[in-house]
Amino acid sequence: MARPTPAATPRMLHPVAWWVWGVGLATAAAHTTNPWLLLLVIAVAGWVVLERREVGALDSFRPFLIIGLFAIGLRVALTILLGNGVPGQVVLVELPQVRLPDWFAGLRLGGPVTLESVVAAGIDGLRLATTLACLGAANGLASPRRLLRYAPATLYDIGTAIVVALTFAPALVDLAGRVRSARRLRGHSGTGVRELARLAVPVLEGALDRSLDLAASMESRGYGRTAVRGRRERIVGSALALSGACGSVAGLFGVMSASSGGWFGLPMLVSGLALLATSLVLGSRRDARTAYRRDPWRAPEWATCALGLLPAVLLVHAEADAWPGITITQVPLDWPPLPALPTLAILAAVLVAWVTPVPPRLARARATTLPARLETA
Amino acid sequence: MIELRGVGVTYAGASRPSLRDVDLRIEEGELVLVVGPTGSGKSTLLRTLNGLVPHFSGGTLTGSVVVGGRDTRAHRPRDLADLVGFVVQDPTSAFVTDTVEDEIAYGMETLGVEPTAMRRRLEETLDIMGLAELRDRSLRELSGGQQQRVSIAAVLAAGPRVLVLDEPTSALDPVAAEEVLSALHRLVHDLGYTVVLAEHRLERVVQHADRIVLVRDGVVSAPLDPAEAMALSPVHPPIVELGRRMGWSPLPLTIRDARRRAGSLRARLAALDDAPAAHAPVKDAASRSLVSVNRLVVRRGTVEALSKVTLGVSAGSVTAVMGRNGAGKSTLLAAMAGQLAATSGEVSVAGSSPRRLAPHDRVRVVGLVPQDSNLLLYADSVAAECRAADRDFAAADGTTRALLARIAGEVDGDQHPRDLSEGQRLALALAIILAGRPQVVLLDEPTRGLDYPAKRRLVGILRDLAAEGHAVIVATHDVELVAEVAQRVIVLAEGEVVVDGPIHEVLTGSPAFAPQVAKILHPLPLLTVDDVSAALVPAS
């Protein structure tokens, strides 16, 4: 690979490149249970977000990380309460066991809590949290709305719906907060289950109002206008796209999960992708939409994709070949090693913080604060 | 350009039509103002112009609406997008993208404008609306006035010939509103656009209008000459009220014209000895202090929303808090109501810190009517809402209902709170808060969406509250309301108190915050039409 020129001129990186990079890292994380590697992935994602998130862009890395921490906590708490079937030897604490009726076979409530089962649950949670952090990073680096611009016409309607829904969730949280503080104006604490039930009505009503406003605005600005083609073509296009997407997902699942065997996965994936491609070609031929200022795709974009896909490919391969240190042994518990090659691959992903151009506003902000920083130093 | 023939609109499930027998012709290159009380059918009329009614709203439309030769029966809003631009009241609810540039480009993208043409038009639009500096900013970072300008630019860039705007300035401070209106004025005069807009704050827009359409109970007048229309209209700004009382004809609509007419009135008023006494300073030093804020700092994220604010408010007074969008008005009120924690400094209301009181004790001391009064309402009928409020505040049964009746007259108890008019909903929220009998009553932007009669009723209520010994604090952009009701004005800028003084000193001296009567009668310290009448009565 030719050394990519670290773009001197600030510009936004192509959103597709950021998402390939983010999803690549997430895939890598999904294929290992080594906590060192997982933490490394989070650190890499966090560092790149710090270095390349545009000023004023939504900071979604942190909320996703918080959700991840919550997932770990939940996982561990459930394991302590219910156990997870990991046969451990080091008993941490013996909880009083509730005798369950016989037809609850296989379930237990309380009982001995082993270190091994808690660690296994924690690592499982960590893996989920890492995947979420990677998606949060991609979200913050390139907003899904920018990504939508590159969605082919056939998927544009569905894509818009998804993006509106995605960006709607934060608005809902915001609204819930405001309704809760308004509750306090009526002398309620705004906490507790009954209070939460009370919040539901105004929050949902407000949310509905907002989405109707947005829909009206999109409608009066011509959304969906170019999708008016022949009705039959539209149906054929959508059917192709949908079955293609289903096929690809099923195929991908087959390829990725080792247990179901790869035999049906690959043909499924290939035919699914072929269907999808056909529908996209059919759709884009009739796409009358135009795009304002398409982001260019240059060396930094290629490099970003490569650096994201490298750890993904390596770890998928490593897991399949059972390299040491990728899937750690839970019983007996041992400090996991740090496998050299995967570590290097994940570390390489942080290079995007150097090979990609700085977003314009961030560059300006740095240009104005840097001299001041130097002076004080 | 726009032609409505025999239009009637009836929404699904409604017993009466919202619009009846509308025949209206609007010529190209006119700025037409739609005037009417709340709930009269203004919004419905606007929404028929690009087909949102009935295509989006449902209901039945009879007759025909033809815009630029296209009939809305055959064309959906999206098919009219290249002809009619529609700007909704709350710009944030209409944004589809994240940044200024993307938002402006969105409409052009859906219309399939050629990329090179799109670049050119985008640059032009940025210049016309004065947004070039903000082009790569995130929409969430902008002030209210800037957001409203972006939402106008976004529909403008798509190249429509008609712009329809529903209350474009109601959420804006006077200066930002002037910015938006002068941009619209430029579009009409320099570029020949046709603009149709509805607005409650007539004092801001009436001088820009070429024609006025009056709407009342679903009946729409023909486009009238503005002065003629104002002589008839039940809702009118103070300048018109003054002109009517003085018997000026034709009615002056701009401050300049009114000043020319008012020469003899000014001379007469100046000759009176006690003219400035219209706003007698209220028992200031004597009454006890209820609110004291000491070096209050509130930080929200990295921004210092309030920095070292110090002020005191006494019982029996009405104080107005003014300032630009984002100056910290709402933050100050929220801090006083104990909704927000102080980063440093302290707030004390009636001797205790509201933040430290439990919610059900706090509401006895300080009550806040939030900007969006919907946030306070949960029940599915007015009667149920009132009963719930009685329980919330442990008040005697029927307290809230009686308060509501006193504020808004009889309101049908079976109605859903969302079906109330803007003014009635505010009255309900205020009645709920007053059921707790708080010593300090805070209102955040209460006149948004209120017409003049509703505003007049609000003024009466606030005066009564002050007379009963409450301390009332109102955060608002509405200078005319302030002129009517407040004794003292605090102006915030960037989280700091810049001005704090008696109303006639603050309002008469300021070009942005002076009410119309003050501008007309400058340098006399009179602020409202009632002040003028009161000053004249002993003379005659």
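How many bridges join E15(B) to strand E16 (residues 440-444) of chain B? Four, and the two strands run parallel; the first legend starts there.

**Figure 1. Strand E15 (residues 366-369) of chain B and its partner E16(B).** This is a predicted model, in which local features need pLDDT of at least 70 and side-chain atom pairs count only at pLDDT 80 or more, while totals for chains, interfaces and linings use all residues. Residues are numbered from 1 along each chain as its sequence is written, and chains are lettered from A and ligands numbered from 1 in the order in which they are written. Strands (E, at least two residues) and helices (H or I, at least four) are DSSP runs, numbered from the N terminus. Val366(B) and Leu368(B) point one way from E15(B), and Gly367(B) and Val369(B) point the other way. All of these are buried (20 or more other C-beta atoms within 10 Å of a residue's own, against 12 or fewer for exposed and partly exposed in between, with C-beta atoms placed from the backbone). Gly367(B) has Val441(B) of E16(B) as its bridge partner.

**Figure 2. An open antiparallel sheet in chain B.** Its three strands follow the order E12-E11-E14; strands pair if DSSP finds at least two bridges between them. Strand E12 (303-314) and strand E14 (344-349) of chain B are at the edges with a single partner strand each, so one side of each lacks a neighbour in the sheet. On average, neighbouring strands are turned by 15° against each other, direction ignored. Eight bridges pair strand E11 (residues 289-300) of chain B with E12(B), and Leu296(B) has Val309(B) in E12(B) as its bridge partner. Helix H12 (residues 329-336) of chain B packs on the sheet and touches E11, E12 and E14 of chain B, its direction making about 60° with that of E12(B). Axes are lines fitted to C-alpha atoms, for helices over the stretch in contact, and angles run from 0 to 180 degrees between N-to-C directions.

**Figure 3. Helix H5 (residues 144-157) of chain B against helix H6 (residues 174-191) of chain B.** Their axes are 9 Å apart, at an angle of about 20°. The two helices are therefore roughly parallel (under 35 degrees; over 145 is roughly antiparallel, 65 to 115 roughly perpendicular and the rest oblique). Gly144(B), Gly145(B), Gln148(B), Arg149(B) and Ile152(B) of H5(B) make the contact with Ala176(B), Glu179(B), Val180(B) and Ala183(B) of H6(B); contact means C-beta atoms, placed from the backbone, within 7 Å.

**Figure 4. Helix H1 (residues 15-30) of chain A and helix H10 (residues 299-320) of chain A.** Here the axes come within 8 Å and cross at roughly 15°, which makes H1(A) roughly parallel to H10(A). Residues of H1(A) in the contact include Trp18(A), Trp21(A) and Leu25(A), and those of H10(A) include Cys305(A), Leu309(A) and Pro311(A).

**Figure 5. Where chain A meets chain B.** Chain A gives 39 residues to the contact and chain B gives 53. On the chain A side, helix H6 (153-185), helix H7 (193-220) and helix H13 (360-376) each supply at least two residues. H7(A) brings the largest share, 12 residues. For wider context, chain A has 13 helices and two strands, and 35% of its 377 residues count as buried.

Conventions: Contact = placed C-beta atoms within 7 Å.
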